[in-house]
Number of protein chains: 4
Amino acid sequence: MKFKLPNGQEAIFTSEITVEPIQHMGGDHMVVAAARVSVSGTEAVSFADPSKVEESAGLINYLMKQRHGTPFEHGGITFFVNAPIFVWREWHRHRVGFSYNEESGRYKQLEPKFWIPASTRKMVPTENYKAARPTFQAGTPEEHVWIVNDIIDSCSDAYTRYQERLDRGYAKEVARVTLPLNIFSSCWVTCNPRSLMAYLSLRTHDAAAQFVSYPQAEIEEAARIVEKIFKEYWPITYAAFVKNGRVGP
Amino acid sequence: MKFKLPNGQEAIFTSEITVEPIQHMGGDHMVVAAARVSVSGTEAVSFADPSKVEESAGLINYLMKQRHGTPFEHGGITFFVNAPIFVWREWHRHRVGFSYNEESGRYKQLEPKFWIPASTRKMVPTENYKAARPTFQAGTPEEHVWIVNDIIDSCSDAYTRYQERLDRGYAKEVARVTLPLNIFSSCWVTCNPRSLMAYLSLRTHDAAAQFVSYPQAEIEEAARIVEKIFKEYWPITYAAFVKNGRVGP
Amino acid sequence: MKFKLPNGQEAIFTSEITVEPIQHMGGDHMVVAAARVSVSGTEAVSFADPSKVEESAGLINYLMKQRHGTPFEHGGITFFVNAPIFVWREWHRHRVGFSYNEESGRYKQLEPKFWIPASTRKMVPTENYKAARPTFQAGTPEEHVWIVNDIIDSCSDAYTRYQERLDRGYAKEVARVTLPLNIFSSCWVTCNPRSLMAYLSLRTHDAAAQFVSYPQAEIEEAARIVEKIFKEYWPITYAAFVKNGRVGP
Amino acid sequence: MKFKLPNGQEAIFTSEITVEPIQHMGGDHMVVAAARVSVSGTEAVSFADPSKVEESAGLINYLMKQRHGTPFEHGGITFFVNAPIFVWREWHRHRVGFSYNEESGRYKQLEPKFWIPASTRKMVPTENYKAARPTFQAGTPEEHVWIVNDIIDSCSDAYTRYQERLDRGYAKEVARVTLPLNIFSSCWVTCNPRSLMAYLSLRTHDAAAQFVSYPQAEIEEAARIVEKIFKEYWPITYAAFVKNGRVGP
């Protein structure tokens with residue numbers, strides 16, 4: 001949704017987080033090749049061949065089940081992600097096997113693009129809500145409209161002030177301090193299949209998982225896109241991950 | 001500075017970031033003991049003795065100069081830090097040798113405590129400003145008052161909306177999305193002397209450093225407190241760090 | 001057992017690996033304090049108090065069960081370990097949350113101290129032996145004596161050659177290349193409770209563990225000493241680790 | 001050189017370490033794209049284009065000079081390496097940004113392939129030798145022949161014993177304990193340009209480097225092959241690395 005700010009600028013309000021795959025290396029065959037070196041030595045290199053991987057689905061499943069994690073590190077994938085800062089605050093806490101480069105509020109003016117909840121966003125606590133295990137339901141249409149308008153008003157006010165501070169010559173890094181947590185920011189994210197699965201296991205909710213996680217819906221939305229891409233590039237590994245309770249190996 | 005919000009709540013506006021040391025282990029003697037194992041083998045353990053460390057200042061300086069980093073990892077220190085979110089956004093990007101646990105906007109109501117610039121805060125660009133190397137000067141008293149008031153107004157508006165959303169029953173994790181980046185948050189931070197020096201080298205500005213950094217003033221303020229504490233617990237290591245151009249070993 | 005080499009030097013042959021705790025910081029109370037910051041904010045610091053920890057055993061158990069790992073990182077422990085190189089080859093593969101400084105075969109002459117199996121060492125495969133899940137039984141007294149003598153002879157030969165090369169002036173780093181994998185080496189090891197539990201989960205065998213590991217007996221021997229020390233300093237955390245299937249959180 | 005062991009097996013003695021590139025992702029363009037996100041936001045993705053990278057050599061050089069390291073993490077490369085264990089002992093100490101899977105002496109019989117010094121190998125200390133800065137010169141032909149023969153004899157003895165133990169039914173993991181440190185082992189190694197440069201800076205000797213390292217010749221031999229491959233895939237990054245004193249960014 002586009003919205004004109006009081007100062008005439010056009011702001012974007014959206015519920016959509018974007019995750020684009022940019023590059024990747026490896027695949028299920030590299031998991032197999034990496035694992036087989038322990039018993040095959042120099043011949044392991046012959047397994048680094050996508051055409052032979054089907055016959056090794058059992059090995060991949062075994063590695064996943066036994067949590068033999070290192071063979072899942074010989075690959076990589078880079079995403080370009082556009083998400084609100086409150087999502088980045090969670091994502092950036094993944095330290096091992098994750099690399100980041102993000103847009104800077106010190107060196108560039110941030111764009112007026114803000115997150116708002118979709119009407120389906122569960123945000124009114126259910127009756128059996130517990131602090132450590134929050135459960136929510138979608139609000140009424142009125143509840144949705146009210147908060148969307150309140151968020152739009154708040155962001156409009158904050159961005160208008162931001163623009164005026166910049167116009168008056170204040171340093172970007174100070175002008176931005178009252179921008180809201182739902183402003184979008186772009187970031188490069190590079191990880192490997194192992195660190196990616198650790199991320200998925202914590203940032204998606206699946207009642208059937210061996211260790212059930214309760215992530216915020218927005219990082220889960222990003223994680224579900226990551227998961228879909230992962231499934232495409234590492235289908236056998238992904239199937240084993242799901243089959244074995246979504247435990248990061 | 002305390003400030004009454006429109007809804008009667010009392011908000012705090014401050015320029016002060018706090019960093020408290022909670023626990024630490026190790027000291028200069030452990031750097032020496034760790035390094036000496038390479039040539040002393042089982043006898044290295046005898047060097048893990050604070051009373052003998054003075055005579056080893058030369059060794060510590062040599063390790064620092066040559067960037068032999070691992071002996072600086074056999075120690076640890078935990079801080080309890082209260083800082084605005086825009087500082088955490090930078091601090092949390094230190095991944096290796098850093099552990100964090102932070103206050104959660106999903107599980108608790110955040111307190112109305114916000115950062116404002118002190119009058120000495122350089123925030124008006126100087127004439128020879130360059131994007132990649134921002135240089136600022138303090139503004140006039142009027143410039144300072146104007147932005148402090150603008151920040152206070154913005155935070156008051158944002159927090160009042162936040163409180164109303166909570167009062168109406170919206171989930172904390174949604175209600176908080178328009179809180180500003182200058183709201184304070186508490187976090188445990190644990191690191192070791194090596195990761196601490198990497199942090200100092202990037203988050204403090206020293207024209208005499210071998211690789212000069214240009215950090216934002218607020219994370220530098222935190223880093224300078226960290227530095228002072230580090231100097232107290234690892235005085236010989238610290239002196240060698242400064243002497244050798246503040247390069248993380 | 002002491003043994004005189006052909007050149008008159010005295011060599012040591014032993015089955016014992018030693019692990020000495022040197023320093024540590026933290027304890028169960030820091031796990032609690034780190035976890036409580038998420039809902040307690042600035043008041044979390046009041047939990048960093050060993051006297052109050054008993055009442056929080058339930059919280060620690062909950063963190064372990066749910067695999068909330070980060071609160072277990074705000075502590076540290078340093079060991080001084082003397083173990084054969086084939087053990088170090090496995091131990092050093094623990095990369096995250098582990099720091100090492102080891103004796104150097106380039107800069108010092110290695111001592112003639114070698115590992116031999118105890119008579120109880122299971123080393124003859126059982127009938128239902130599988131490559132990926134090796135199971136062994138102790139050999140007969142004759143089988144034990146034979147291999148101990150064979151190891152002693154091999155080490156005597158290798159060390160005698162090593163000494164002669166050094167006497168002839170060859171570089172230590174070349175002279176040592178035919179020293180055997182069972183020669184002992186000393187190393188400093190620093191880790192935190194989280195990385196320590198990851199190590200225990202992989203390097204100890206427990207049929208009741210959720211993910212059963214099959215480590216080599218010698219690294220397990222070291223791990224069992226580490227475990228005992230860990231239990232002493234973090235008793236509640238340790239109990240929760242065992243109760244929840246020895247899964248690294 | 002092939003050599004028949006007393007038991008009729010053929011052993012290989014060689015000075016050659018092999019490093020084969022298997023897969024890689026990224027290139028200089030990804031360094032640029034990752035860095036530009038800080039000032040370009042969502043448009044940064046347009047820089048992830050190899051055809052435009054030439055014009056950005058200045059940016060890459062600036063990043064290297066200022067030690068802005070994270071843009072160099074959005075890439076990856078996997079090597080298959082065959083090297084003696086004394087080389088692995090050093091290589092495996094690179095923990096951050098490195099993944100490994102190695103041949104197992106517990107699960108397979110190790111091949112009789114052993115390292116010997118080439119005639120050009122400097123192994124006799126020079127007159128101005130210092131313990132912390134070892135300098136060597138090549139020995140006489142006689143000195144070379146003597147040690148090669150001594151190494152061959154030692155390995156022959158050790159491997160013959162190993163084979164006999166296996167023939168007698170002892171567990172591989174015990175039989176192998178007196179194999180020498182110069183036996184070859186295969187390993188998968190995956191890293192990124194940043195961790196690769198940290199490795200190069202420590203494992204190559206260059207008198208012109210800003211921080212001069214004194215690695216053992218054999219790991220340097222491996223590192224020089226790694227360096228050549230790195231230069232091929234990241235030519236601008238490599239040139240900037242060399243130009244700026246071979247300091248890991």
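How many residue pairs, both at pLDDT 80 or more, are in polar contact across the interface of chain A and chain D? The rule finds 18 such pairs, a polar contact being a pair of N or O atoms within 3.5 Å, where within protein one must be able to donate a hydrogen and the other to accept it, and where residues adjacent in sequence count only if both atoms are side-chain atoms.

## Basis of the report

This is a predicted model, in which local features need pLDDT of at least 70 and side-chain atom pairs count only at pLDDT 80 or more, while totals for chains, interfaces and linings use all residues. Residues are numbered from 1 along each chain as its sequence is written, chains are lettered from A and ligands numbered from 1 in the order in which they are written, and side-chain values use heavy atoms, with hydrogens and water left out.

## The interface of chain A and chain D

In this interface 40 residues of chain A are in contact (heavy atoms within 4.5 Å) with 40 residues of chain D. The buried area, that is, the accessible area (1.4 Å probe) that two parts lose on being put together, summed over both, is about 3,000 Å² between chain A and chain D, and carbon and sulfur atoms give 64% of it. On the side of chain A, M25(A), H74(A) and W188(A) lose the most area to chain D, together 21% of what that side buries. The count of salt bridges between chain A and chain D is zero, a salt bridge being a side-chain nitrogen of Lys or Arg within 4 Å of a carboxyl oxygen of Asp or Glu.

The elements of chain A that give two or more residues to the side that touches chain D are β3 (18-25), α1 (28-40), β4 (76-84), β5 (98-102) and β9 (184-191), where helices (H or I, at least four residues) and strands (E, at least two) are DSSP runs numbered from the N terminus. The largest share of that side, seven residues, comes from α1(A). By class, the residues of the side of chain A that touches chain D divide into 18 nonpolar, 18 polar and four charged; here Ala, Val, Leu, Ile, Met, Phe, Trp, Tyr, Cys and Pro count as nonpolar, Asp, Glu, Lys and Arg as charged, and the others, Gly among them, as polar.

## The axis between chain A and chain D

Chain A is superposed on chain D by a rotation of 180 degrees with 0.0 Å of shift along its axis (RMSD 0.0 Å), the fit being made by least squares on the C-alpha atoms of residues with pLDDT of at least 70 in both copies. That is the relation of a two-fold axis. In chain A, the C-alpha nearest the axis belongs to M25(A), 2.8 Å from it. The same surface serves both copies, since 100% of the contact residues of chain A recur in chain D.

## The interface of chain B and chain A

Here the contact takes 58 residues from chain B and 58 residues from chain A, and the area buried between the two chains is about 5,000 Å², of which carbon and sulfur atoms give 53%. In chain B, R89(B), R95(B) and Y170(B) lose the most area to chain A, together 13% of what that side buries.

Across this interface of chain B and chain A the rule finds 10 salt bridges, and 29 residue pairs (both at pLDDT 80 or more) are in polar contact. Of the side of chain B that touches chain A, the largest share, 14 residues, comes from α4(B), and the residues of that side divide into 30 nonpolar, 10 polar and 18 charged.

## Salt bridges within and between chains

Over all chains, a search of the whole structure finds 69 salt bridges. Within chain A, the side chains of E73(A) and R194(A) meet in one (2.6 Å, N to O), which links the loop between α2 (57-65) and β4 of chain A to helix α6 (residues 193-203), 121 residues apart. E73(A) counts as buried (under 20% relative accessible area) at 6% relative accessibility, whereas R194(A) is partly exposed (from there up to 50%, with exposed being over 50%; 1.4 Å probe, protein chains only) at 26%.

Between chains, R121(B) and E173(A) form a salt bridge (2.8 Å, N to O), and R121(B) and E173(A) are both buried. R106(A), E173(A), R121(B) and E218(B) are linked in a network of salt bridges. A further salt bridge joins the side chains of R95(B) and E73(D) (2.8 Å, N to O); R95(B) counts as buried at 15% relative accessibility, and E73(D) is buried with a relative accessible area of 6%.
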